[in-house]
Amino acid sequence: MSSLGKFLFAPRVPHNGAGFVDDRFVVVDLQKKHGSIAIAANAYTVLPPDLIRAGFESPNIRNQGELVEIIQQTSEGAGLSSRKKWSVTLPQGVERTVVVSVEGNPSSRKEIDEIVGWKVERALGINLSGLRIARGRLPGSSGGQRYLVTVSPEIVLAEYEAVFQRVGWQVGLLLPKLLGEAEWLLGGSTSGDKLLISAHRGGFVSMVVRGGAPLLIRTHDSVQSFADEIYRVVLFYLDRFPSSHDPQPGIEQLMVIGDVDREEAMQAVADAIGSSPHLVTPSDLGLDLRGEPISFDSIAAASGPAILAWR
């Protein structure tokens, strides 16, 4: 099963995870405590400048040996050096993620592959040659089939896989940063639609979640028009994705990760739908961070897949 298949269908995974967040490498181990999820251990290391140039079109890692040492030292610092099974989220920009629809009833897997490939090329404006494609059918699709698809260069993924192999890690889930963060929203019990805003140094990504599955994903290359971009995405969502259960769909919850203005994001959503969404906090997600020196933004991606251990 591909990483997306495992991600969507919640297999048994370890409750420890790792990830690359801006200029840091982060490891975290979760535990159940008094009905909540708590941090059992965590550590991070600030990466040297230019050690990783996360991107889609050229090799990312300047020195694999140096990165191996950093990963080993970080896991040792958290007391997790004996762990061999991990879930890992990759840096922003290494993979691209999109939701595509396949109308009708394709007669074969080959036909589905061809349709999905064509739609991904159109949606992302890229040629799929030399890329690794992972897709998973989304639950609750009606009037056709909907797929969550990630694409990434084989040569780039091979770099990261070689590093983890040298560390001695068995990486069961290797996911984009966005999907690691999204896992905190995908498993929630609230029936209404949710919006995730994931900011990074080069811009931000927005994802609308409905019924525990991604509905719409948009990549934004700048935060200069942050509020305007969110407003346009929400208007597009309202126009293109009416709810069969609610005559007046809207964003009920908003989760914002990264160095952007949360109040500005809330206001943009409110302007589009006519009401203010609830701004999600770690406690809303069942995560107890009291007394912890690390922020939720720093661990959201790395810890998201780890919560599958209890689902």
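Visitor: What makes you say that helix 5 lies across strand 9 and other strands?

Guide: In this predicted model, helix 5 (residues 177-186) lies across strand 9 (193-200), strand 10, strand 11 and strand 12 (251-257). Contact means heavy atoms within 4.5 Å.

Visitor: And what do you call the direction of helix 5 against strand 9?

Guide: The angle is about 150°. Angles over 145 degrees count as roughly antiparallel, so that is the word for helix 5 and strand 9.

Visitor: Why is the sheet with the order 11-10-9-12-13 called open?

Guide: Look at its ends. The edge strands are strand 11 (213-220) and strand 13 (278-279), and each pairs on one side only. Five strands make up this sheet, and the pairing is mixed.

Visitor: How do you know that strand 10 and strand 11 pair?

Guide: Two strands pair if there are at least two bridges between them. Strand 10 (residues 203-210) and strand 11 share seven, in the antiparallel sense, so they qualify. As one example, Val 205 has Thr 219 in strand 11 as its bridge partner.

Visitor: Why is helix 2 called oblique to helix 4?

Guide: Helix 2 (residues 64-77) and helix 4 (residues 154-167) pack at about 55°, with axes 9 Å apart. That angle is not under 35, not from 65 to 115 and not over 145 degrees, so the helices are oblique to each other. Their crossing is right-handed.

Visitor: Which residues make that contact between helix 2 and helix 4?

Guide: Helix 2 brings Gln 64, Gly 65, Leu 67, Val 68, Ile 71 and Gln 72, while helix 4 brings Glu 159, Ala 162, Val 163, Phe 164, Arg 166 and Val 167. By class, that contact has seven nonpolar, three polar and two charged residues.

Visitor: What does the contact of helix 6 with helix 7 hold, by class?

Guide: Helix 6 (residues 226-240) and helix 7 (residues 262-273) have axes that come within 8 Å and cross at roughly 35°. Residues that meet there include Phe 226, Ile 230 and Leu 238 in helix 6, and Glu 264, Asp 271 and Ile 273 in helix 7. The count is 12 nonpolar, no polar and two charged.

Visitor: What makes helix 8 mostly covered?

Guide: Buried means under 20% relative accessible area, and seven of the eight residues of helix 8 (residues 296-303) are buried. Among them are Phe 296, Ile 299 and Ala 302.

Visitor: Why is Gly 136 called buried?

Guide: Gly 136 has a relative accessible area of 6%, which is under 20%, so the word fits. This glycine lies in strand 6 (residues 131-137).

Visitor: How do you know that strand 1 is largely enclosed?

Guide: Six of the six residues of strand 1 (residues 16-21) are buried, so the rest of the structure largely encloses this strand. Both faces are covered, with Asn 16, Ala 18 and Phe 20 on one side and Gly 17, Gly 19 and Val 21 on the other.

Visitor: Which strands does strand 1 pair with?

Guide: Strand 2 (residues 24-33) runs antiparallel to strand 1 over six bridges, and strand 4 (residues 85-90) runs parallel to strand 1 with three bridges. Both counts reach at least two, so both pairings stand. Ala 18 stands opposite Val 88 in strand 4. Strand 1 and strand 2 form a hairpin with two residues between them, and Asp 22 in the turn has a positive phi of about 55°.

Technical notes:
Residues are numbered from 1 along each chain as its sequence is written. This is a predicted model: local features need pLDDT of at least 70, side-chain atom pairs count only at pLDDT 80 or more; totals for chains, interfaces and linings use all residues. Side-chain values use heavy atoms; hydrogens and water are left out. Helices (H or I, at least four residues) and strands (E, at least two) are DSSP runs, numbered from the N terminus. Axes are lines fitted to C-alpha atoms, for helices over the stretch in contact, and angles run from 0 to 180 degrees between N-to-C directions. Buried means under 20% relative accessible area, exposed over 50%, partly exposed in between (1.4 Å probe, protein chains only). A crossing is left-handed if the near helix is turned anticlockwise from the far one by less than a right angle, and right-handed if clockwise. Ala, Val, Leu, Ile, Met, Phe, Trp, Tyr, Cys and Pro count as nonpolar, Asp, Glu, Lys and Arg as charged, and the others, Gly among them, as polar.
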